[in-house]
Amino acid sequence: MATVTEPRRLTKRSLQTKLLIDGKWVDSASGKTFATINPATEEHIADVAEGDAVDIDLAVKAARRAFDSGPWRKMDARDRGRLITRLADLIEENIDELAEIETLDNGKPISEARGGDLPLVVDCLRYYAGWADKIQGATIPVRGNYFTYTRKEPVGVAGQIIPWNFPLMMVAWKWGPALAAGCTIVMKPAEQTPLSVLKLGELAIEAGFPNGVINIVNGFGETAGASLVAHPGVDKIAFTGEGNTAKIISRAAVETMKRITFELGGKSPNIVFADADIDKAVDGALLGIYLNQGQCCCAGSRLFVQEEVYDQFISRLAAKVNARSLGDPFDPATQQGPQIDKAQFDKIMSYIAKGKEQGATVVAGGERFGTKGFFIKPTIFADVKDDMAIACDEIFGPVLSVIKFKEVEEAITRANTTDFGLAAAVWTRDIAKAHSIAHRLRAGTVWINCYDVFDAAAPFGGFKRSGIGRELGEKALDNYTELKTVTVSLD
Ligand code: ADP
């Protein structure tokens, strides 16, 4: 691969590497650190403080104090909203630096970090800033001479555990509704990508959030993450990541009856009918699978194509995929960067091997790109059968399985034959058919003639094993509020 051109402004000194506890940047109590690696070069970027149970305890106590007795508790909702707006403004002012840190630590192309993720982060926080003073209860007509009303009160200390695929976007999705609702936060970033989250912590302090409202503890899942889940001072856990981790978390969280929301994996069906706008559908299929190196929970990894257009669709896909530019994520022309780390790289390569073994046909990619960095060529498998591993399991990489179908009913049944239910898409010019299929797909989001369209106002989350609850939109505020009923005697 060509040399990677890291921007000069990102010196080691400008990176934040400590823990944010009670408004202060501190080393971990143990003094331990861990390395974060540039996935494009496999080189060391920085050593980051490694939090464990002791640091989590300090952070939870700070968040508890801030929630129970700090100025945050008494702050008017509208002023809370203004602080969130201030944070969004600061992110916008520092958008280039944040995008560069995201690309450095995660490997995503700078054009996506700068042009995709960061604007959505700003927009999401502004959206929730607007909600802060609009979280309302209701008056309830009850029997007898009583006046009954409800209040939506903050749930308390929110423990938030996020993955590495969209670090800053995951922060916005989690901080936005939690702060609007009046919660305090202990966040654990993914061990692969702490740097951009820490930078956001600096901006949160600059914005003026009171001490202890936002705490960030880097560390590993089994230590820092598990301690956060187990801590009796935490009222709620919001988690995005793998289904198996969610099972461990939910077993532990039930001990203290924490509220939980999960946003997990998928194997989303993307269904193209012969009557679709084929040019648009080809581009939509590519976006659906290759965005973010295929590291999207809602990736359209099962592409169902109707038999009349199957062959031409595959050749058009292959032509475009072979023209995709891979390499230095800091090059503005790059469309695909490296996978996040060696473990993910190995897992994806093993699925590619399984696809070949089980008899699917490689029509593009199917191998590593270059010799350094965790790059994998965008891969297309044709002749995929529903029971092959590449059609059933979430690969979380740039691997598309193309499956042939004949009829509408068959497409719906086969699309729904999965334990997941995060997203789906339908491509057709027949709008009645599109809506009726959308209603029958067992997925939390269905896109019609588009893919990966996100908006802070539109709820997102999974049916079946893809999650519990919804993020984004008004709905996400429920994750961070408790409903209280107050009844007054009027006698
Ligand atoms: P991914 O494949 O995205 O790394 P994980 O579910 O392993 O998925 O990780 C997502 C987040 O969950 C990370 O921040 C990770 O550190 C954290 N995590 C992993 N294991 C646990 C655990 N046992 N308890 C709490 N958090 C965990």
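**View 1. Isoleucine 162 meets the ligand through its backbone.** Here a polar backbone atom of isoleucine 162 sits 2.8 Å from an oxygen atom of the ligand. Do keep in mind, as you explore these views, that this is a predicted model. Two side chains join the scene: lysine 188 places an N or O atom 2.9 Å from a ligand oxygen, and glutamate 191 brings a polar side-chain atom to 2.6 Å from an oxygen of the ligand. On its own the ligand would expose 550 Å², and the protein buries 89% of that area. Around the ligand there are 19 residues, and the closest are Ile162, Lys188, Glu191, Glu242 and Thr245.

**View 2. Glutamine 306 is a buried residue of strand E13.** The strand covers residues 302-306. With a relative accessible area of 9%, glutamine 306 counts as buried because the cut-off is under 20%. Its side chain reaches the backbone nitrogen of alanine 274 at 2.8 Å. Leaving aside residues up to four places away in sequence, glutamine 306 touches Val272, Phe273, Ala274, Phe405 and Lys406.

**View 3. Three strands form an open antiparallel sheet.** Follow the order E5-E6-E20 across the sheet. Strands E5 (139-140) and E20 (481-489) stand at the edges with a single partner strand each, so one side of each has no neighbour in the sheet. E5 pairs with strand E6 (residues 146-154) over 2 bridges in the antiparallel sense. For a residue to look up here, try threonine 139, whose bridge partner in E6 is tyrosine 149.

Definitions and conventions
Residues are numbered from 1 along each chain as its sequence is written. This is a predicted model: local features need pLDDT of at least 70, side-chain atom pairs count only at pLDDT 80 or more; totals for chains, interfaces and linings use all residues. Side-chain values use heavy atoms; hydrogens and water are left out. Helices (H or I, at least four residues) and strands (E, at least two) are DSSP runs, numbered from the N terminus. Buried means under 20% relative accessible area, exposed over 50%, partly exposed in between (1.4 Å probe, protein chains only). A polar contact is a pair of N or O atoms within 3.5 Å; within protein, one must be able to donate a hydrogen and the other to accept it, and residues adjacent in sequence count only if both atoms are side-chain atoms. Contact means heavy atoms within 4.5 Å. Two strands pair if DSSP finds at least two bridges between them. A residue is near a molecule or strand if one of its heavy atoms lies within 4 Å of it. Accessible areas come from the Shrake-Rupley method with a 1.4 Å probe; for residues, only the protein chains shown count as cover.
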